[in-house]
Amino acid sequence: MPAKKKANDKPLTGAALVKEVCHRIRVARSYWDAHNNRACRGEREKAMALYETLTEAEKDKVPQVLRVWLRYRSEKYFGEGRTPPGGG
């Protein structure tokens, strides 16, 4: 039986939140590079949800390379206008 996850007592804020967003984006990119699209999509959605909670000043602290990947490049493949998987 897997270990129980600790419930987060308080939500992340400030530098810890920025660090977690960067971590989630990097994990999603590593899944993307490994062609693991399902895991990539899950991590990207988590990163996007956290990214949306950042203030403008905190968003500027996220490296531009990660922001570009999260908002633009991956939107092509995971956005609403994409071709659904398994089409033929």
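1. Glu-43 sits in helix H2. In this predicted model, Glu-43 is buried, with a relative accessible area of 11%. That falls in the buried class because the cut-off is under 20%. Leaving aside residues up to four places away in sequence, Glu-43 touches Arg-24, Val-27, Ala-28 and Tyr-31.

2. Those partners belong to the H1 side of the H1–H2 contact: Arg-24, Val-27, Ala-28 and Tyr-31 are among the H1 residues that meet H2. The H1 list also includes Leu-17, Glu-20, Val-21, Ile-25 and Trp-32. On the H2 side, the contact takes in Asn-37, Ala-39, Cys-40, Glu-43, Arg-44, Lys-46, Ala-47, Leu-50 and Tyr-51.

3. How do the axes of H1 and H2 cross? They come within 8 Å and cross at roughly 160°. H1 is therefore roughly antiparallel to H2, since angles over 145 degrees count as such. The crossing of H1 past H2 is left-handed. H2 covers residues 37-52.

4. H1 itself runs over residues 14-33, which is 20 residues. From first C-alpha to last, H1 reaches 29 Å. The expected figure at 1.5 Å a residue is 28 Å, and the span is close to it.

5. Which residues of H1 are buried? They are Leu-17, Val-18, Val-21, Cys-22, Ile-25, Val-27, Ala-28 and Trp-32. Several of these also appear in the contact with H2, among them Leu-17, Val-21, Ile-25, Val-27, Ala-28 and Trp-32.

6. The model has one aromatic pair. The rings of Trp-32 and Trp-69 have centres 6.4 Å apart and planes at 70°, so the pair is edge-to-face. Trp-32 lies in H1 and Trp-69 in helix H4 (residues 64-78), so the pair ties together parts that are 37 residues apart in sequence. Both Trp-32 and Trp-69 are buried. Trp-32 thus has two entries in this note: it is in the list of H1 residues that meet H2, and its ring pairs with that of Trp-69.

7. The loop between H1 and H2 deserves a look at His-35. His-35 comes just after H1. Its phi is positive, about 60°, although His-35 is not a glycine. Most residues other than glycine have a negative phi. Is His-35 buried or exposed? His-35 is exposed, with a relative accessible area of 70%. The exposed class applies because the cut-off is over 50%.

Conventions
Residues are numbered from 1 along each chain as its sequence is written. This is a predicted model: local features need pLDDT of at least 70, side-chain atom pairs count only at pLDDT 80 or more; totals for chains, interfaces and linings use all residues. Side-chain values use heavy atoms; hydrogens and water are left out. Helices (H or I, at least four residues) and strands (E, at least two) are DSSP runs, numbered from the N terminus. The expected span of a helix is 1.5 Å times one less than its number of residues. Buried means under 20% relative accessible area, exposed over 50%, partly exposed in between (1.4 Å probe, protein chains only). Rings of Phe, Tyr and Trp (its six-membered ring) pair if their centres lie within 6.5 Å; planes under 30 degrees apart count as stacked, over 60 as edge-to-face and the rest as tilted. Axes are lines fitted to C-alpha atoms, for helices over the stretch in contact, and angles run from 0 to 180 degrees between N-to-C directions. Angles under 35 degrees count as roughly parallel, over 145 as roughly antiparallel, 65 to 115 as roughly perpendicular and the rest as oblique. A crossing is left-handed if the near helix is turned anticlockwise from the far one by less than a right angle, and right-handed if clockwise. Contact means heavy atoms within 4.5 Å.
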